[in-house]
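Please open the model in your viewer and keep the sequence panel beside it, since each stop on this tour begins with a selection.

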Amino acid sequence: MAITIGVFDGVHKGHEDILSFLNSYKVEHKDVKTMVITFNLNPKIKGQKFIDTLRLRKKYISSFNTDFFTVIDFCEEISKISGNEFIRLLCTMCRVKAVIVGEDFKCGTPTSQVTAKELDKEFASIGHTVDVFIRANVMNDQVRISSTLIRELIQKGDFYLIKKLSGRFYTIDLDNILEKGEKAIAASKITQLLPPIGVYKAILTTKSGNNIDCKIQIKEDSLLIEPPLNDGEADYLSIITKEL
């Protein structure tokens with residue numbers, strides 16, 4: 001199995017470089033399957049909302065022809081294991097042949113971390129020979145493209161740059177939270193980070209694949225959609241730009 005590990009929140013060009021390399025490895029090694037290992041929680045943003053839902057992350061990642069999408073429950077027990085223990089856990093999940101990570105990759109508690117450059121040594125210490133590929137950071141105007149940067153851009157409402165750095169419009173997952181005929185969603189029902197209060201141009205996509213131009217108004221406690229969805233089942237909402 002060729003694997004990559006990360007939160008992959010707000011899938012962006014840096015993630016895409018890793019995922020593309022993972023797929024290339026699979027193409028070159030016909031007997032190898034690929035697995036993306038992610039987490040249901042992000043320890044870096046404890047108490048804050050995600051950029052993507054797990055459903056959206058799986059959708060984006062699946063476009064890179066990955067075979068398996070595995071979610072680890074980042075429970076208290078997992079949060080306390082060392083880097084070496086985490087690598088041992090990976091080896092119980094599958095037979096690891098290759099690992100592809102970014103150069104900033106770390107696993108384990110702060111006092112027992114394993115970095116990207118130490119992965120091959122750590123795998124070898126438990127009797128596994130693994131090909132480790134470390135991908136360089138992807139930059140934009142000398143700034144590293146990261147989920148933290150995407151988060152900052154959402155909070156600023158800079159959807160032009162979000163699309164440039166991620167390759168897609170910022171998308172809100174509406175699965176099971178917008179009923180037919182409704183136009184208001186309580187902000188508490190949305191698990192993703194919302195942009196600043198204001199009015200935005202957007203596209204509402206139904207589960208049948210229809211795209212509907214609309215406007216959304218983000219308030220302190222709700223998100224309003226005009227016109228309301230009167231036909232079909234809501235899938236997701238892509239935010240295009242803020243209206244002046």
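Begin inside the protein, where the largest cavity of this predicted model has a volume of about 80 Å³. The structure holds one cavity of 30 Å³ or more. To display its walls, select Gly10, Val11, Ile51, Asp52, Tyr60, Ile150, Ile162, Ser166, Arg168, Phe169, Tyr170 and Thr171, which line the largest cavity. Sorted by class, this lining is made of seven nonpolar, three polar and two charged residues. If you then colour helix H7 (159-166) and strand S10 (170-173), you will have marked two elements that each supply at least two residues of that lining.

Next, select His12, which sits in the loop between S1 and H1. Is this residue buried or exposed? His12 has a relative accessible area of 4%, and it counts as buried because that value is under 20%. Leaving aside residues up to four places away in sequence, show Ile145, Ser146, Ser147, Ile150, Leu165 and Ser166, which are the residues that His12 touches. Of these contacts, Ile150 and Ser166 can stay selected from the previous stop, as both also appear in the lining of the largest cavity.

Now turn to the largest pocket, which encloses about 1,200 Å³ of space. Among the 43 residues of its lining, select Gly6, Val7, Lys44, Asp104 and Lys106, which are the closest to the pocket centre. To see which elements give two or more residues to this lining, colour strand S1 (2-5), helix H1 (13-28), helix H3 (76-79), strand S4 (98-102), strand S5 (106-107) and helix H6 (147-156). H1 provides the largest share, with four residues. The lining as a whole comprises 19 nonpolar, 15 polar and nine charged residues.

The second largest pocket has a volume of about 170 Å³. Select Leu41, Asn42, Pro43, Ile45, Lys46, Gly47, Gln48, Phe50 and Phe74 to outline it; by class, these are five nonpolar residues, three polar and one charged.

For the next stop, switch to a cartoon view and follow the open sheet of six strands in the order S10-S15-S12-S13-S14-S11, with antiparallel pairing. S10 and strand S11 (184-186) are the edge strands, each of them pairing on one side only. As you step across the sheet, the twist from one strand to the next averages 30°. Two helices can be added to this view. Helix H2 (residues 54-62) packs on the sheet, where it touches S10 and strand S15 (234-242), and its direction makes about 130° with that of S10. H7, already coloured for the cavity, lies across S10, S12 and S15 and runs at about 120° to S15.

Finally, zoom in on strand S12 (residues 198-206) and strand S13 (residues 211-218), which form an antiparallel pair over eight bridges. Within this pair, select Gly198 with its bridge partner Ile218, and then Lys201 with its bridge partner Lys215. The two strands form a hairpin with four residues between them, and Gly209 in the turn has a positive phi of about 95°. Continuing along the chain, a second hairpin joins S13 to S14 through three residues. S13 and strand S14 (residues 222-226) are antiparallel too, and they pair over four bridges. As a last selection, show Ile216 together with Ile225, which stands opposite Ile216 in S14.

Notes:
Residues numbered from 1 in each chain as written. Predicted model: local features only at pLDDT ≥ 70, side-chain atom pairs only at ≥ 80, totals over all residues. Heavy atoms only, no water. 1 Å grid on protein atoms, 1.4 Å probe; cavity = no way out; pocket = protein on both sides within 12 Å on 5 of 7 lines; lining within 4 Å. Points joined across faces, edges and corners; volume = space filled by probe spheres on them. Nonpolar A, V, L, I, M, F, W, Y, C, P; charged D, E, K, R; others polar. Pairing = 2+ DSSP bridges. Axes fitted to C-alpha atoms, helices over the stretch in contact; angles between N-to-C directions. Contact = heavy atoms within 4.5 Å. Buried < 20%, exposed > 50% of the residue type's maximum accessible area, 1.4 Å probe, protein only.
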